[in-house]
Amino acid sequence: MKENDIKNLVRPVVRSLRPYDAKEIPCKIKLDANESPFGFKGDIFRALKFLKTNRYPDPEAKELKIAIGRRYGISSENILVGNGSDELIYYIITTFGGPVLHPIPTFSMYGIIAQALGEKVIAIPLDRGFDIDLEKTLNAVEKEKPRLIFLSSPNNPTGNCFSAERIMKIIDASKGIVVVDEAYQPFSSEQGFLPLLRNYRNLVIMRTLSKIGLAALRVGFVIADAAIINEVNKVRLPFNVNSLSQAIAVAALKEKKQLSVFIKTIISERERLFSEMAEMNSITPYPSEANFILFKIKNPDDMYQALLRRDVLVRNLNDGIKGCLRVTVGTRQENSVFLKALRELS
Ligand SMILES: *Cc1c(COP(=O)(O)O)cnc(C)c1O
């Protein structure tokens, strides 16, 4: 069989897809993927001592749901756990279908998964302040009647929270489901949408442990009305979250002190990075409520390569957001190396 014969067998919507760009680039200071610079140590791994390697994981992740429920003050019937929130995006689109509406630029998986599943995608550009363009969005909601709307707030890669008022207007206007993806909520000064869950039956909130020091586990979760959870649960693969991840996540969620120190440190380092970057003449950093900062620069491609030569890896977004790079907040020392390099190279 020739290579082209295989291509011709592939569904047309998949043929034109580009894979998510998640390559491993070897580098000492890794500030490209919005991971936490702080990993958990020690005690949480004790949980693995009781792991039965011959048994399937708990298909319902009961203990993990209880641990999540405790942390956020919700009950298990309102929670669905996934192998990262990426998997849950897949499940949500599989369950409700399209059209799928999302702003742009935003997290690319909403569009990639919707396209892979053959659903229509409606991408509405953000306004100049990186907020939701309410008029265009409400027009599209009325005309195209999206069954799903994905809003990442704080938004990746711009870093800002969308206006809560605009989000509420969209939830009100939509006859479909509105997913507020709060992957970066722990770093935000705003309260987020959990307290509003009671008021809106079509609101779904997505969270993840990936950005707070547990990216290795692949644990994300959806919080929503039990009726929504029950429907999405029908398309979930039975053993989607493995036993190691379930056990370690339960133990880590109990480490409240460690978690809150990690988060506070990242927030204060973000503020330091921002104010130092703002003082550099040729750089415009955008205010962030997340664990990364988007910044504009004259020669982004050159700067990206120059930083890499100094062993600092950031994310080059010049393809999608002209002139922009994104840096994840690292440890104090990593951030200092990044700042020094940036100052000397710009
Ligand atoms: C990183 C990220 C995710 C993915 O989270 P996982 O739980 O690691 O799959 C989801 N949404 C947004 C906006 C992200 O930036």
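1. Let's start with glutamate 289, a residue worth a look in this predicted model. Glutamate 289 is buried, yet no salt bridge is found for it. Arginine 270 carries the nearest side chain of opposite charge, and that lies 5.0 Å away. A salt bridge here would need a side-chain nitrogen of Lys or Arg within 4 Å of a carboxyl oxygen, so the arginine 270 pair does not count. In the fold, glutamate 289 sits in the loop that runs between strand 9 (283-285) and strand 10 (292-297). Once neighbours within four places in sequence are left aside, its contacts are Pro154, Gly159, Cys161, Tyr184, Phe187, Ser188, Ser189, Glu190 and Arg270. You will see that arginine 270 appears in that list.

2. Next, helix 3, which you will meet again below. Its buried residues are Leu64, Lys65, Ala67, Ile68, Gly69 and Tyr72. What covers them? The cover includes strand 2 (79-82), strand 7 (203-208), strand 8 (220-223) and helix 9. After helix 3 comes glycine 73, with a positive phi near 65°.

3. The second largest pocket has a volume of about 380 Å³. Two elements, helix 3 (62-72) and helix 9 (243-253), each give two or more residues to its lining. Helix 9 supplies the largest share, four residues. There are 16 lining residues, and those nearest the centre of the pocket are Leu51, Glu63, Ser243, Gln246 and Ala247. By character, the lining divides into nine nonpolar, two polar and five charged residues.

4. How many cavities of 30 Å³ or more are there? The count comes to one. The largest cavity has a volume of about 40 Å³. Its lining is made by Pro59, Glu60, Ala61, Lys65, Leu80, Val81, Arg236 and Asn240. Four of these residues are nonpolar, one is polar and three are charged. Lys65 also belongs to the buried set of helix 3.

5. Now some backbone details to check by eye. Most residues other than glycine have a negative phi, and most peptide bonds are trans. Asparagine 34 is not a glycine, but its phi is positive, about 60°. Asparagine 34 is found in the loop between strand 1 (29-30) and helix 3, and it is buried, with a relative accessible area of 1%. Alanine 61, again not a glycine, has a positive phi of about 50°. The loop between strand 1 and helix 3 holds alanine 61 too. Alanine 61 counts as buried because its relative accessibility is 4%, where the limit is under 20%. Alanine 61 is also one of the residues lining the largest cavity.

6. Two cis peptide bonds also deserve a glance. One joins glycine 98 and proline 99, with omega about 0°. Proline 99 is placed in the loop between helix 4 (84-96) and strand 3 (100-104). Another cis bond runs from asparagine 156 to proline 157, with omega near 15°. The loop between strand 5 (148-152) and helix 7 (164-173) is where proline 157 lies.

7. Finally, valine 312. Is this residue buried or exposed? Valine 312 is buried, with a relative accessible area of 0%. Its place is in strand 11 (residues 312-313). Leucine 31 is 281 residues apart from valine 312 along the chain, yet their C-alpha atoms are separated by 7.1 Å. Beyond its neighbours within four places in sequence, valine 312 is in contact with Cys27, Ile29, Leu31, Leu307, Val337 and Phe338.

Definitions and conventions: Residues numbered from 1 in each chain as written. Predicted model: local features only at pLDDT ≥ 70, side-chain atom pairs only at ≥ 80, totals over all residues. Heavy atoms only, no water. Buried < 20%, exposed > 50% of the residue type's maximum accessible area, 1.4 Å probe, protein only. Lys, Arg positive; Asp, Glu negative; His and termini not counted. Contact = heavy atoms within 4.5 Å. 1 Å grid on protein atoms, 1.4 Å probe; cavity = no way out; pocket = protein on both sides within 12 Å on 5 of 7 lines; lining within 4 Å. Points joined across faces, edges and corners; volume = space filled by probe spheres on them. Nonpolar A, V, L, I, M, F, W, Y, C, P; charged D, E, K, R; others polar.
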